[in-house]
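Here are my comments on the structure you asked me to look over. I have set them out as numbered points, so that each can be checked against the coordinates in turn.

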Amino acid sequence: MSTTPSRDSATTTCPVARPAARHTPPPARTAGRARTATTTAGWVALAAVVALLSGCAGTTSADAATPGGTPHGGEAGLALPDLGTVTIAGLPGRVWLGVGLVVCALGLAFGVTVVAQLKRLPVHGSMRAVSELIYTTCKAYLVQQGRFLLVLWGFIAAVIVVYYRVLVGFDWGRVAVVIAFSLVGMAGSYSVAWFGIRVNTYANSRTAFAALRGRALPLHRIPLRSGMAIGMVLISLELAIMLVILLFLPGDLAGACFIGFAVGESLGAAALRIAGGIFTKIADIGSDLMKIAFKIKEDDARNPGVIADCTGDNAGDSVGPSADGFETYGVTGVALVTFVLLGVPDPGVQAALLVWIFVVRAVMIAASGVSYTVNDLWASRRYAGAERMDFEKPLTSLVWLTSAVCIAATFATTWLVLADGTPGLWWKLATIISCGTLAGALIPELVKVFTSTGSRHTREVVASSREGGPSLNILSGLVAGNFSAYWLGMAIVVLMGAAYLVSELGLADVMHAPAVFAFGLVAFGFLGMGPVTIAVDSYGPVTDNAQSVYELSGIEQADEDALSEELGGAPAWQHAKQLLEENDGAGNTFKATAKPVLIGTAVVGATTMIFSIIMGLTDGLTTGLENLSLLHPPFLLGLVAGGSVIYWFTGASTQAVTTGAYRAVEFIRAHIRLDGTAAASEADSRRVVEICTQYAQRGMLTMFLGVFFATLAFAFVEPYLFVGYLVSIALFGLYQAIFMANAGGAWDNAKKIVETELHANGTPLHDATVVGDTVGDPFKDTSSVALNPVIKFTTLFGLLAVDLAVQLSGQGRHALVLVLAGVFFLASTYFVHRSFYGMRIESHATPGDAEGVPATDDDAVADDDTTGALLPQQANPVDDAVPTRV
């Protein structure tokens, strides 16, 4: 399937207004060959996998068992205990789970109600037109991504069929259940992404219009209300699907349903998060560099890249986080269910813990809703009529209030459900969860120390930029990122350490490896205030888009008398712009706070999934434990290998942004018109969106296949090597993600300080911070955030891969397993190679310009003898001119 737009973004250019920028487009066949080669290689490799494994079915049996008592087929073969045996306050546990479904229905109803309310809010026609254009381009992007997801799903579905049908011997009905729920999981991630962009594109224009009244409170309430709608729908939908599995499907199918669901949502989140991150930063960098090149405003309507930038705000900062949050919540739940079924011997205790987990989840949704309502009432009274406000303050109070309410609700619910069981179990489990819930509030506070517009680290970036330009700006941002990794890492260690100490107080009497369960519950606690975490994260794309809608609407040229009548008073032009800028700074900060929470959850939750693999490999923790040691060389090699993959992935995702941004800059520079036009044409704006989409999908496909085949390769080399690999992926990924996310946040808000406090647009100081921000863009919104779904997808898919390898070896086919490992590794290496050489910026030099270097078919030929004519050039200020010294 080709994902190439109708015109090749890498090869199409038009004549420019300035002869210096004119060049001959490179041959279209080069990029086409690269894309075709990548896609074809992927399908050929997959076909080889299917062909090789299809011949391995002869000796399997549906009723065989894997070591350690794990049901044949791994986690998909697990069966639920009878939940009807649990009684809470005189009512069966299934009734309480049914109440949980009612809570989910109320959460979904809240989201639908908010959409209707947002749609009815007053908005100027010109602003509505811009937001609808943004929504239209978002829809086009998501439709393409939907098709792309189905292609990726083909890889996973093929492996599921081969493994469960051919090797394990499941009947076609059970295989169909796994495949069906993988589609359900993927559709869930996809559907919440659609909901998110619809809510945000209603909210952005309404926020922009509200700013004209000169009051600060509506600019806080509209984005936060839209964010809460997304958070409530996301968490409620995910929980409802899992409750349906628990309540209405046969217990012996539950394992297959949960594993299929988790794999599907991981795939959807990985594709939407990674591709969205690449898309948004291509557009953002392409648009931002025009500020330096032509000295124009942030959201100049004449810039064809601005609409793509707005679309990217939703694709990367709404679609990606929504799908990622949905998957994170689901995978954490599946990990805990799997642990309970594998690590708790007593079926009665299993049933009690499963009911408890899902009742607590439902209670936490209600607690988040109550906390939001109380905080909104406080903010409305505190800031009623205020012309200025600290936009971060009510967001901070919401996070801490929700954390406190969720902790109280956790203790009350756990006492209600578990107090009649094992003595003391209820308060120990509640305490462990509360460590995670506390982390959900504490980590954002630590992130703000390094990314907020008021933080010393961010202001150090500004000071460095003033004294040393872009170079010191970048160095100061790196410092902020490195320090943040230390402090956040120590905070996570302390909270996980506390959970471990509590787990040592007798939990071993009811379960194996209680510390592992404790770590899973910490991840559960991280997500306890899930609707609020998603809400403050979604706040950012709305505030960012609101600024753009304000500028692109041309509202300042509207009939002021008619506008005054619509507003009920004179528009507050300058004050409105200032409020929008300040609110965007708060949005940047709280977008940054959600990233470490999600990545922390992925890492801590992965621990529980890795435990499932270890249980199978060690015969229920009875044999082979010496292999989980540095004295076992394959385990050590796995630890080393995982780090290499993390560093490749971050480089590959940044490379995709770099190449795509270059193409976007090339097109924008060729088509921007600063004289005689008020706005870029819609066709040019859509073309930039196509360029961003094309490079996002090219980068995503190559990286996905690299990760896919690397997982298979390391799982087949040696199972304990693979365990070390998974541990390494999680740990390296944690620190790489925190470092990159917070360095990027510091660079982003340093630019915001220069623009809002110093009013230094167009100066060398501003240019330096823009350069830093363009470096930080792929750091914070592409590479770092993509590590979260990569860790979870690798761990989940690894459950299938390592079990498949162990079964083949158990059939006496160890030589075949090693051959397959080599094949998979070569396939992965090919895609690693393509992720740079297939995505690099091609030279436009004339053949023979480089002495001794012959021309090749891969070299793009142009009239220019350097690439300099294609890059943004310094120009005299066109508008927004300010003194150059700040």
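The points below concern a predicted model, and they take up helices, individual residues, the nonpolar core and the cysteines.

1. Helix 5, which covers residues 217–248, passes a simple check of its geometry: at 1.5 Å a residue its 32 residues should span 46 Å, and because the C-alpha atoms at its ends lie 45 Å apart, the expectation and the model agree. This helix is also mostly covered, with 26 of its 32 residues buried.

2. Thr207 belongs to helix 4, residues 172–211, and deserves a look for its surroundings. With a relative accessible area of 1%, Thr207 falls under the 20% limit and is therefore buried. Its side chain reaches the backbone oxygen of Ala203 at a distance of 2.8 Å. When neighbours within four places in sequence are left aside, the contacts of Thr207 are Leu219, Ile222, Pro223, Val542, Ala546 and Leu580. Of these partners, Leu219 has a number that falls in the range of helix 5, residues 217–248.

3. Gly146 sits in helix 3, which runs over residues 125–168. Its relative accessibility is 15%, and it counts as buried because the limit is set at 20%. The C-alpha atom of Gly146 is 9.7 Å from that of Met186, while the two residues are 40 residues apart in sequence.

4. The largest nonpolar core holds 290 residues, and the members that touch the most others are Tyr164, Leu212, Trp356, Phe704 and Phe716. Helix 6, residues 254–294, supplies the largest share of this core, namely 23 residues. For Phe704, once residues up to four places away in sequence are set aside, the residues touched are Leu152, Phe155, Ile156, Leu267 and Phe793.

5. How many disulfides does a search of the whole structure find? The search returns 0. Cys138 illustrates the point, since the closest cysteine sulfur to its own, in Cys310, is 8.9 Å away and therefore too far for a bond, where a disulfide would need the two sulfur atoms within 2.5 Å.

6. Are Cys138 and Cys406 buried or exposed? Cys138 has a relative accessibility of 2% and so counts as buried. Cys406, at 0% relative accessibility, counts as buried too.

Conventions. Residues are numbered from 1 along each chain as its sequence is written. This is a predicted model: local features need pLDDT of at least 70, side-chain atom pairs count only at pLDDT 80 or more; totals for chains, interfaces and linings use all residues. Side-chain values use heavy atoms; hydrogens and water are left out. Helices (H or I, at least four residues) and strands (E, at least two) are DSSP runs, numbered from the N terminus. The expected span of a helix is 1.5 Å times one less than its number of residues. Buried means under 20% relative accessible area, exposed over 50%, partly exposed in between (1.4 Å probe, protein chains only). A polar contact is a pair of N or O atoms within 3.5 Å; within protein, one must be able to donate a hydrogen and the other to accept it, and residues adjacent in sequence count only if both atoms are side-chain atoms. Contact means heavy atoms within 4.5 Å. A nonpolar core is a set of buried Ala, Val, Leu, Ile, Met, Phe, Trp, Tyr and Cys residues joined through side-chain atoms within 4.5 Å.
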